[in-house]
Amino acid sequence: MKRYHSKKAIKESFLKLVAEKPLDKITVRDIVEDCGFTRNTFYYYYDDIFDIVDELLEANVDKFLNMDFESGTDRLEMLNAAIDLLPDDPKLIKHFCVSSKTVDIKFYFNKATDRFLVNYIQASAGDVEISDCDKKLIFGFYKSAAAGLLYTWIEEGMKVPLKSEFKRMGVLLCDSLFNAVQAAKDNPSPVELETLPEAEAENEKVVSD
């Protein structure tokens, strides 16, 4: 139990600090001074600060992975349930996204978005199977829209709550996503798109890095 509380305190101190200053400027010394533990205690649980980042990101992605929607669930209800998993603190989000961990954060963001879209498509399509080709097109389009909204929000100074931005996007685009799924059901793709070998190699490189 003591070990659990020690690790929990380290993570809480890290989250407190990352809400105050950029991720790349946080040191192990900052964290242990804030939580009152020694450096040895920190290194008992983590190899470095980015090890905490990976654990936190993986935990949030797991929340998306565990989301399950039944056929017939209200579309906006599905989207808003996913959006509510986002952190509330705008500076925390910015300091995570604009850092040397940007590539990893994009990977986790895409993984979470993919899972939501899988659940959404399964709930919307019902018993009708949609081709992998159409799924890839739908995933790519809406992932790009979500990522674009996130980084535009950061660039424009985070003037409104991020959750509000995403929920408004949901109101505006949710029907278009549903319509894309319906179009895929009603007009099955005649061919499967092939991924270029160099593109596959690049994707594997990004994930392995």
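How far apart should the ends of H7 be, given its 24 residues at 1.5 Å a residue? Hold on to that one for a moment while I introduce the structure.

Hello everyone. What you see above is a predicted model. The protein chain has 209 residues, and 37% of them are buried. It holds ten helices and zero strands, so reading from the N terminus you meet one α element after another. Sequence neighbours are not the whole story here: of the contacts between residues at least 6 apart in sequence, 72% join residues at least 24 apart.

Back to H7, then. Its 24 residues should span 34 Å, and the end C-alpha atoms are 33 Å apart, which agrees. Just after H7 comes Gly126, with a positive phi of about 65°.

Now let's go inside. The largest nonpolar core has 56 residues, and the members that touch the most others are Phe14, Ile31, Phe42 and Leu150. Helix H7, residues 102-125, gives this core its largest share, ten residues. If you would like one residue to click on, try Phe42: leaving aside residues up to four places away in sequence, its contacts are Ile10, Val28, Ile31, Val32, Asp48, Ile49 and Ile52.

Next, the charges. Side chains of opposite charge can pair when their charged atoms come close. A search of the whole structure finds 13 salt bridges, and I'll show you three.

One joins Lys7 and Glu55, at 3.2 Å from N to O. Lys7 sits in helix H1 (residues 2-18) and Glu55 in helix H4 (residues 49-65), so this pair ties together parts that are 48 residues apart in sequence. Both are partly exposed, Lys7 at 25% relative accessible area and Glu55 at 26%. Lys11 belongs here too, since a network of salt bridges links Lys7, Lys11 and Glu55.

Another joins Asp34 and Lys16, at 2.9 Å. Asp34 is in helix H2 (residues 28-35) and Lys16 in helix H1, so parts 18 residues apart in sequence are tied together.

My last example stays within one helix: Glu33 and Arg29 pair at 3.0 Å. Both lie in H2, four residues apart, about one turn of the helix, and both are exposed.

Finally, look at the outside. The chain exposes about 12,500 Å², with carbon and sulfur atoms supplying 53% of that. Leu76, Val171, Leu172 and Leu173 form a nonpolar surface patch of about 320 Å² accessible area together. Helix H9, residues 162-186, provides three of the patch residues. Leu172, which is in H9, is exposed, at 57% relative accessible area.

Thanks for listening!

Terms used: Residues numbered from 1 in each chain as written. Predicted model: local features only at pLDDT ≥ 70, side-chain atom pairs only at ≥ 80, totals over all residues. Heavy atoms only, no water. Helix = DSSP H or I, 4+ residues; strand = E, 2+ residues; numbered from the N terminus. Buried < 20%, exposed > 50% of the residue type's maximum accessible area, 1.4 Å probe, protein only. Contact = heavy atoms within 4.5 Å. Areas by Shrake-Rupley, 256 points an atom, 1.4 Å probe, with all protein chains shown as cover. Patch = residues over 30% accessible without salt bridge, like charges linked within 9 Å, V, L, I, M, F, W, Y side chains within 5 Å. Salt bridge = Lys/Arg side-chain N within 4 Å of Asp/Glu carboxyl O. Core = buried A, V, L, I, M, F, W, Y, C linked by side-chain atoms within 4.5 Å. Expected span 1.5 Å × (residues − 1).
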